[in-house]
Amino acid sequence: MQSNVFIHKRDHGITFISNDILKSNKLSLKAKGLYSFLCTLPEGQEIHKTELTSCSSDGKDSVFTAFSELEEAGFLEKKCSLDNGLRRVYYNFTRELKGDN
């Protein structure tokens, strides 16, 4: 399976994102917007779905749908851990897309 890497760069509060991901017909505009937002986060930051709902005017269902699209495309990888007996679910963000764009 082919992987494409989409380079982005953060420089003094500005994020540059490859046009390839933004022009891809594999994702909705909503998912592309979420991808762009995630690119602004620090490298390695844990991402929690419920926290993303407070970052825009979209409702929970809208954010979760975009989130699921990115997960299905391979941009988000689900991770689970135990913390004091409680199961924690978080996601790692990657800039690699599974398959052809």
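At 25% relative accessibility, threonine 15 counts as partly exposed in this predicted model, since the partly exposed class lies between the buried limit of under 20% and the exposed limit of over 50%. Threonine 15 belongs to strand E3, which spans residues 14–17. Its C-alpha atom is separated by 8.4 Å from that of serine 36, a residue 21 positions away along the chain.

The chain as a whole comprises 4 helices and 6 strands. Read from the N terminus, the order of these elements is β-β-β-α-α-α-α-β-β-β. Of the 101 residues in the chain, 33% are buried. When contacts between residues at least 6 apart in sequence are considered, 53% of them join residues at least 24 apart.

The packing of two helices was examined next. Two packed helices are described by the angle between their axes and the distance between the axes. Helix H2 (residues 29–39) packs against helix H4 (residues 60–73) at an angle of about 80 degrees, and the two axes lie 8 Å apart. H2 is therefore roughly perpendicular to H4, because angles of 65 to 115 degrees fall in that class. On the H2 side, the contact is made by Lys30, Ala31, Leu34, Tyr35 and Leu38. These residues meet Ser62, Val63, Thr65, Ala66, Phe67, Glu69 and Leu70 in H4. Sorted by class, the contact of H2 with H4 contains 8 nonpolar, 2 polar and 2 charged residues.

Alanine 31, located in helix H2, illustrates this contact at the level of a single residue. With a relative accessibility of 0%, alanine 31 counts as buried, because the limit for that class is under 20%. Residues up to four places away in sequence being left aside, alanine 31 touches Ala66, Glu69 and Leu70; these three residues are among those that H4 brings to the contact with H2. The C-alpha atom of alanine 31 is 6.8 Å from that of phenylalanine 67, although 36 residues separate the two along the chain.

Attention then turned to strands E4 and E5. Strand E4 (residues 76–83) pairs with E5 in the antiparallel sense over 8 bridges. Within this pairing, leucine 76 stands opposite phenylalanine 93 in E5, and serine 81 stands opposite arginine 88 in E5. The two strands form a hairpin, with 2 residues between E4 and E5. Asparagine 84 is found in the loop that links E4 and E5. Most residues other than glycine have a negative phi. Asparagine 84, by contrast, has a positive phi of about 55 degrees although it is not a glycine. This turn residue is also exposed, as its relative accessible area is 76%.

Asparagine 92 is located in strand E5 (residues 86–93). At 27% relative accessibility, asparagine 92 counts as partly exposed. Apart from residues up to four places away in sequence, asparagine 92 touches Phe75, Leu76, Glu77 and Lys79. The C-alpha atoms of asparagine 92 and histidine 48 are 9.5 Å apart in space, and the two residues are 44 apart in sequence.

Two of the residues touched by asparagine 92, glutamate 77 and lysine 79, also form a salt bridge with one another, in which the closest N and O atoms are 3.5 Å apart. The pair meets the criterion because the nitrogen and oxygen atoms need only be within 4 Å. A search of the whole structure finds 1 salt bridge. Both partners count as partly exposed: lysine 79 has a relative accessibility of 27%, and the value for glutamate 77 is 44%.

Technical notes
Residues numbered from 1 in each chain as written. Predicted model: local features only at pLDDT ≥ 70, side-chain atom pairs only at ≥ 80, totals over all residues. Heavy atoms only, no water. Axes fitted to C-alpha atoms, helices over the stretch in contact; angles between N-to-C directions. Parallel < 35°, antiparallel > 145°, perpendicular 65-115°, else oblique. Contact = heavy atoms within 4.5 Å. Nonpolar A, V, L, I, M, F, W, Y, C, P; charged D, E, K, R; others polar. Buried < 20%, exposed > 50% of the residue type's maximum accessible area, 1.4 Å probe, protein only. Pairing = 2+ DSSP bridges. Salt bridge = Lys/Arg side-chain N within 4 Å of Asp/Glu carboxyl O.
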